[in-house]
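Please look over the sequence and the structure shown here before reading on. The report that follows takes up a pocket, the nonpolar cores, a helix and two single residues in turn.

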Amino acid sequence: YNLLVYIDHIIGYEDVKNQKPDPEGLLKSIKEMQIKDASRVLYIGDMIPDIITGKNAGTKTACVTYGATLPSKVFELKKEGKIDYVIENPEDILTFV
């Protein structure tokens, strides 16, 4: 999958002082993209710290079932309302673009 065509920029751990789940990197990215309302952003991750980061930044969150977190845990978090969306296949990400 060539998802890089959908990515404007990348901010890595070396670009921030505070690491996840601190939202510094995500907020920096939101600011660089000149997005005024973080709640219009969908932050996608494969680990629980990613979800916490998104929530700390005020974004919508999605967790993939094919990453570091067990699918059963992902669905449990969704059921508990701790994540907004579950993504089961990489191509499903395109439905949000």
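## Pocket, cores and contacts

In this predicted model, the lining of the largest pocket draws at least two residues from each of α1 (24–32), β1 (42–45), α2 (48–57) and β2 (60–64). The volume of this largest pocket is about 1,400 Å³. Its lining is made up of 37 residues, and those closest to the centre of the pocket are Ile7, Leu26, Leu42, Tyr43 and Ile44. Sorted by class, the lining holds 22 nonpolar, eight polar and seven charged residues.

In soluble globular proteins, nonpolar side chains tend to be buried together. Here the largest nonpolar core consists of six residues, namely Leu26, Ile30, Ala38, Val41, Tyr43 and Ala57. There is also a second, separate core of five residues, among them Ile51, Cys63, Val74 and Leu77. Leu26, which belongs to the largest core, touches Tyr43, Thr53, Gly54, Ala57 and Thr59 when residues up to four places away in sequence are not counted.

Which residues of α2 are buried? They are Asp50, Ile51, Thr53, Gly54 and Ala57. These residues lie on the same side of α2, because they cover an arc of only 160° around its axis. The elements that cover the buried residues of α2 include α1, β1 and β2. After α2 comes Gly58, which has a positive phi, near 85°.

Two residues outside the helices can be set side by side, each with its place in the chain and its relative accessible area.

| Residue | Place | Relative accessible area |
|---|---|---|
| His9 | segment before α1 | 25%, partly exposed |
| Thr59 | loop between α2 and β2 | 5%, buried |

Thr59 counts as buried because its relative accessible area of 5% is under the 20% limit. Leaving aside neighbours within four places in sequence, Thr59 is in contact with Leu26, Ile30, Ala38, Ser39, Val41, Tyr43, Gly54 and Asp84. Several of these partners, including Leu26, Ile30, Ala38, Val41 and Tyr43, are also listed in the largest nonpolar core.

His9, by contrast, is partly exposed, because its relative accessible area of 25% falls between the limits of 20% and 50%. With neighbours within four places in sequence again left aside, His9 is in contact with Ser29, Glu32 and Met33. His9 and Ser29 are 20 residues apart along the chain, and their C-alpha atoms are separated by 7.9 Å.

Terms used:
Residues numbered from 1 in each chain as written. Predicted model: local features only at pLDDT ≥ 70, side-chain atom pairs only at ≥ 80, totals over all residues. Heavy atoms only, no water. 1 Å grid on protein atoms, 1.4 Å probe; cavity = no way out; pocket = protein on both sides within 12 Å on 5 of 7 lines; lining within 4 Å. Points joined across faces, edges and corners; volume = space filled by probe spheres on them. Helix = DSSP H or I, 4+ residues; strand = E, 2+ residues; numbered from the N terminus. Nonpolar A, V, L, I, M, F, W, Y, C, P; charged D, E, K, R; others polar. Core = buried A, V, L, I, M, F, W, Y, C linked by side-chain atoms within 4.5 Å. Buried < 20%, exposed > 50% of the residue type's maximum accessible area, 1.4 Å probe, protein only. Contact = heavy atoms within 4.5 Å. Arc of directions from axis to C-beta.
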